[in-house]
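Open the model in your viewer and keep the selection tool handy. We will make a few stops together.

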Amino acid sequence: MNDLLDNKVILITGASSGIGAAAARLFSQEGARVVVAARREDRLAALVGELKEKGADAVYVVCDVTVAADAVRAVDVAVSTYGRLDGAFNNAGIGGDRTPLHLMGDDVYDVVMDTNVRGVWNCLRPEIAAMLATGGGAIVNNSSVGGLVAIPAASAYIAAKHAVVGLTRAAADEYAKQGIRVNAVAPGTTRSEITADWFGRNPGLEEMVNGLTPQGRTAEPQEIAAAAAWLLSDRCPFLTGTVLPVDGGFINQ
Ligand code: NDP
């Protein structure tokens, strides 16, 4: 059997750390040619160097997903380098402060919504246009368990991740007949820079969340990447518009 993502051209946003970097490594191992995008060029260059050393085909593009022209450029890099775009993992996102709603600043709301919602919106449009030009593709947006249920003191993040679920369903519905599948993953707590920041500033938070998670632990980033890889593959052709919790059972509680 072929590798899961054999020869597919896949754009990954937020690939300079955490889940996105793990996705770049895993998708490459599974045969994909990857275009890795984020703002920190040094991280992207190091990642592409590492992937190429392992024999993978990879290229990076500096991209701030809040800037529509950057998202267009990221897709253009994929198409000009590899001739097409087969898949996209819209993963870039930020956590924002953990603050009660009535104390949360407008600045936090703005940056969280801009990055986590407008960023996905900005990426979806050129990705879909590129996929329509070649007869289809698959997109996975990174929502969160916070896109399905509330978690405390993160109202802007919760609103943004619910909006990602809405965008996922809308896009899945609109482009189903044109061969584009759009799904989302909803990770539970996962080891990354976001959670290092949240856990660092909120002692006991990791233990509290793990206590609410049937598996009783924090996920490793590659466990989320593995679910995204499957959703981007040809192994689930009838699967679109779904939001897949990857959460150790958290939302069943
Ligand atoms: P990290 O902070 O490690 O990764 C976030 C990535 O997003 C970085 O590569 C960062 O790169 C990128 N990013 C942030 N802002 C922008 C921007 N404006 N333009 C382009 N890239 C941007 O955290 P995670 O790996 O955890 O986060 C990845 C996704 O997973 C996020 O959407 C997050 O909400 C989601 N998620 C994470 C969970 C967790 O527990 N870790 C749980 C549920 C969902 P750079 O700074 O270089 O631009």
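Which residues of H8 are buried? Select helix H8, residues 221–232, in this predicted model, and colour Pro221, Ile224, Ala225, Ala227, Ala228, Ala229, Leu231 and Leu232: these are the buried ones. Now show what surrounds them: the cover includes helix H1 (18–29) along with strands S1 (9–13), S4 (87–90), S5 (137–142), S6 (180–187) and S7 (243–246). While you are here, try the distance tool on the end C-alpha atoms of H8, which are 17 Å apart; because a helix rises 1.5 Å a residue, its twelve residues should span 16 Å, and the two values agree.

Next, go to Thr134, in the loop between helix H4 (106–133) and S5. Thr134 counts as partly exposed because its relative accessibility is 32%. Display Arg84 and Leu85 too, since Thr134 touches both, leaving aside its neighbours within four places in sequence. Gly83 is 51 residues away along the chain, yet its C-alpha atom is 9.6 Å from that of Thr134.

Now for the largest pocket, with a volume of about 970 Å³. Centre the view on Gly93, Ile94, Gly95, Ser192 and Ile194, the closest to the pocket's centre among its 46 lining residues. Then highlight helix H6 (193–201), which gives the most to this lining, with five residues. Colouring the lining by class gives 21 nonpolar, 19 polar and six charged residues.

Last stop: the second largest pocket, at about 230 Å³. Select Gly137, Gly179, Ile180, Arg181 and Pro237, which lie nearest its centre. S5 and S6, already met around H8, each supply at least two residues of this pocket's lining.

Note on methods: Residues are numbered from 1 along each chain as its sequence is written. This is a predicted model: local features need pLDDT of at least 70, side-chain atom pairs count only at pLDDT 80 or more; totals for chains, interfaces and linings use all residues. Side-chain values use heavy atoms; hydrogens and water are left out. Helices (H or I, at least four residues) and strands (E, at least two) are DSSP runs, numbered from the N terminus. The expected span of a helix is 1.5 Å times one less than its number of residues. Buried means under 20% relative accessible area, exposed over 50%, partly exposed in between (1.4 Å probe, protein chains only). Contact means heavy atoms within 4.5 Å. On a 1 Å grid over the protein atoms alone, a cavity is a set of points where a 1.4 Å probe fits but cannot get out, and a pocket is an open set with protein on both sides within 12 Å along at least five of seven lines; lining residues have an atom within 4 Å of a point. Grid points are joined across faces, edges and corners, and a volume is the space filled by probe spheres set on the points. Ala, Val, Leu, Ile, Met, Phe, Trp, Tyr, Cys and Pro count as nonpolar, Asp, Glu, Lys and Arg as charged, and the others, Gly among them, as polar.
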